[in-house]
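Please read the following note with the sequence and the model open beside it. The points are numbered so that each may be checked in turn.

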Amino acid sequence: GSNFIAGVFIQAMNKKLSIYDAMVRGLLTPGTALVLLEAQAASGFLTDPVRNQKLSVKEALSAGLIGRDFYEKLLSAEGAVTGYTEPYTGEKISLFQAMEKEFIVKEHAVRLLEAQVATGGIIDPVHSHRVPVEVAYERGYFDQEMFQFLSNPENQSRSCFDPNTHENLTYMQLLRRCVPDPDTGLLMLQL
């Protein structure tokens with residue numbers, strides 16, 4: 001999955017910024033920045049659009065791409081890809097299983113699943129590949145209720161604030177408004 005919002009492009013200045021840097025400069029709300037960064041982490045890595053680097057959450061913190069304020073939440077989002085460890089058995093479990101066992105808050109898990117759907121499909125943490133929502137359901141990654149919820153675009157949370165239009169949008173809607181960076185091909189939210 002590489003079809004995610006990688007950063008911000010300020011058209012007037014012809015300048016690329018990371019999501020976190022755009023938030024620090026007041027161009028993105030902290031809530032939107034967190035949702036965009038969680039979507040990156042839930043897709044496998046955080047992206048530095050200026051240096052065109054893909055980093056783990058830990059590497060991103062060391063590189064200054066994110067701040068400590070987002071670190072724990074982004075580590076949790078990264079677990080959507082790497083899987084979560086069941087504390088009693090040591091077994092690797094999926095995001096949905098972690099939500100069912102209340103290791104991760106339901107609203108957070110749903111946001112991460114929505115981000116995975118928007119960026120190419122549900123990630124199987126055991127086999128490390130993406131599958132369509134239907135296949136994930138057939139394989140038992142989540143129940144029928146979650147399948148129906150994820151299959152209907154009307155259900156997606158409007159947790160992304162578009163600073164251009166001042167609308168609250170779903171991640172997928174904001175993603176559609178992005179433009180590819182001519183140098184890297186990364187999708188950038190244009191301001």
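1. The model under review is a predicted one. A suitable place to begin is T32, a residue of helix α2. T32 has a relative accessible area of 2%, and because buried means under 20%, T32 is classed as buried.

2. What does T32 touch, if residues up to four places away in sequence are not counted? With that exclusion, T32 touches S159, C160 and F161. For F161 there is a further detail: its backbone nitrogen is 2.8 Å from a polar atom of the T32 side chain.

3. The helix that holds T32 deserves a check of its length. Helix α2 covers residues 30–42, which is 13 residues, and at 1.5 Å a residue it should span 18 Å. The C-alpha atoms at its ends are 18 Å apart, so the model agrees with the expected value.

4. Is α2 largely enclosed or largely open? Of its 13 residues, 11 are buried, and α2 is therefore largely enclosed by the rest of the structure. The buried residues are T32, A33, L34, V35, L36, L37, E38, A39, Q40, A41 and A42. After α2 comes G44, which has a positive phi, near 130°.

5. Helix α2 also packs against another helix. The axes of α2 and α4 come within 7 Å and cross at roughly 35°, and this crossing is right-handed. On the α2 side the contact is made by P30, A33, L34, L37, E38, A41 and A42. On the α4 side it is made by F70, K73, L74, A77, E78, A80 and V81. Sorted by class, the contact of α2 with α4 has 11 nonpolar residues, 3 charged residues and no polar ones.

6. The student should next look at G67, which is placed in the loop between α3 (57–63) and α4 (68–82). G67 counts as buried, at 13% relative accessibility. Leaving aside residues up to four places away in sequence, G67 touches Y20 and L61. The C-alpha atoms of G67 and M23 are 11 Å apart in space, while the two residues are 44 residues apart in sequence.

7. Two loop residues merit attention for their backbone angles. N52 is not a glycine, yet it has a positive phi of about 55°; N52 sits in the loop between β3 (46–48) and β4 (53–55). H166, which is not a glycine either, has a positive phi of about 60° and belongs to the loop between β9 (160–162) and β10 (167–169).

8. How accessible are these two residues? N52 has a relative accessible area of 40% and is partly exposed. H166 has 58% relative accessibility and counts as exposed. The classes follow because exposed means over 50%, and partly exposed lies between that value and the 20% limit for buried.

9. The last residue to consider is L169, in strand β10. L169 is buried, with a relative accessible area of 3%. Not counting residues up to four places away in sequence, L169 touches S157, R158, S159, C160, D162, L174 and R177. S159 and C160 are also touched by T32. L169 and V57 are 112 residues apart along the chain, and their C-alpha atoms are separated by 25 Å.

Note on methods
Residues numbered from 1 in each chain as written. Predicted model: local features only at pLDDT ≥ 70, side-chain atom pairs only at ≥ 80, totals over all residues. Heavy atoms only, no water. Helix = DSSP H or I, 4+ residues; strand = E, 2+ residues; numbered from the N terminus. Expected span 1.5 Å × (residues − 1). Buried < 20%, exposed > 50% of the residue type's maximum accessible area, 1.4 Å probe, protein only. Polar contact = N/O pair within 3.5 Å; in protein donor to acceptor, adjacent residues only side chain to side chain. Contact = heavy atoms within 4.5 Å. Axes fitted to C-alpha atoms, helices over the stretch in contact; angles between N-to-C directions. Left-handed = near helix turned anticlockwise from the far one by under 90°. Nonpolar A, V, L, I, M, F, W, Y, C, P; charged D, E, K, R; others polar.
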